[in-house]
Amino acid sequence: MTTLENRPKTALLVIDVQNGVVAAAHERDAVVANVASLVDRARVEQVPVVWVQHNDEELPRQSEEWRIVPELSRGDDEPLVEKSYPDAFEDTTLESVLAGLGAGRLVVAGAQTDVCIRSTLHGALVRGYDAILVSDAHTTEDMSKWGAPTPDKVIAHTNLYWRYQTAPGRTGGTVETKDVDFAG
């Protein structure tokens, strides 16, 4: 249902699954395994995989913290979008990459749920994309000492409200890793 013309394809968007981002993340290993499963399936089904990698003072380029986790590897032909803001569309090449791929529907996985995942999901929807969140393939760290809910609650709340997210001509929604249908 995307509102973007001539964009019938789906892309898997892997956001910030970097050493420094997921080191202390909730259920890190299970989430990374689910992301790896999605990447493998997307490759088999010839669905584009687009990698998003954050950089800032805490994640300087080429540092160990900045690198994608060792359980995942980006294919040479898979686009990499570098970002410095939570919304992966903001001041990046993501829109032009997705346009070049003909993608109007995004399947989203990665980190962190309460920052970059939420921002990118909303950014996608307002830009005309359908944006599906993989409910068991995103995570965040514990920010409860600063007043945030515990990670399990942040993840559950995000899954709850995104499940019903819509806009004119666009849909959100959630799906578990095992039920992802790249064909839409």
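Which backbone oxygen lies 3.3 Å from a polar atom of the side chain of T120? In this predicted model, the backbone oxygen in question belongs to P86. A second backbone atom also lies by this side chain: the backbone nitrogen of A88 is 2.9 Å from a polar atom of the T120 side chain. These two pairs offer a friendly way into the structure, starting from a single residue and working outwards.

T120 is part of helix α4. Is this residue buried or exposed? With a relative accessible area of 1%, T120 counts as buried, because that value falls under the 20% limit. Apart from neighbours within four places in sequence, the residues in contact with T120 are L13, I15, P86, D87, A88 and F89. P86 and A88 thus appear again here, each in contact with T120. For a sense of distance, the C-alpha atoms of T120 and D29 are separated by 23 Å, and these two residues are 91 residues apart along the chain.

The next step is the sheet. Six strands make up an open sheet, and their order is β3-β2-β1-β4-β5-β8, with parallel pairing. At the edges are β3 (80–83) and β8 (174–175), each of which pairs on one side only. As general background, strands of a sheet pair through backbone hydrogen bonds, either parallel or antiparallel.

Strand β4, which spans residues 103–111, is mostly covered, as nine of its nine residues are buried. On one side, seven bridges join β4 to β1 (residues 9–15), and the two strands run parallel. Within this pairing, T10 stands opposite R105 of β4. β4 is also joined to β5 (residues 130–139), here by six bridges and again in parallel. V107 and I132 stand opposite each other, with I132 belonging to β5. How many bridges join β5 to β8? Two bridges join this parallel pair, and V175 in β8 is the bridge partner of V134.

Helices pack on this sheet as well. Helix α2 (residues 28–44) touches β1, β2 (49–54), β4 and β5, and its direction makes about 135° with that of β5. Helix α4, the home of T120, packs on the sheet too, touching β1, β3, β4 and β5. The direction of α4 makes about 175° with that of β4.

Helix α4 has a helical partner too. The axes of α4 (residues 113–126) and α5 (residues 151–163) come within 11 Å and cross at roughly 10°. The two helices are therefore roughly parallel to each other, because a crossing angle under 35 degrees counts as such. On the α4 side, the contact is made by T113, D114, R118, L121, H122 and L125. On the α5 side, the contributing residues are V154, I155, H157, T158, Y161 and W162. What kinds of residue make up the contact of α4 with α5? Six are nonpolar, four are polar and two are charged.

Technical notes. Residues are numbered from 1 along each chain as its sequence is written. This is a predicted model: local features need pLDDT of at least 70, side-chain atom pairs count only at pLDDT 80 or more; totals for chains, interfaces and linings use all residues. Side-chain values use heavy atoms; hydrogens and water are left out. Axes are lines fitted to C-alpha atoms, for helices over the stretch in contact, and angles run from 0 to 180 degrees between N-to-C directions. Helices (H or I, at least four residues) and strands (E, at least two) are DSSP runs, numbered from the N terminus. Angles under 35 degrees count as roughly parallel, over 145 as roughly antiparallel, 65 to 115 as roughly perpendicular and the rest as oblique. Contact means heavy atoms within 4.5 Å. Ala, Val, Leu, Ile, Met, Phe, Trp, Tyr, Cys and Pro count as nonpolar, Asp, Glu, Lys and Arg as charged, and the others, Gly among them, as polar. Buried means under 20% relative accessible area, exposed over 50%, partly exposed in between (1.4 Å probe, protein chains only). A polar contact is a pair of N or O atoms within 3.5 Å; within protein, one must be able to donate a hydrogen and the other to accept it, and residues adjacent in sequence count only if both atoms are side-chain atoms. Two strands pair if DSSP finds at least two bridges between them.
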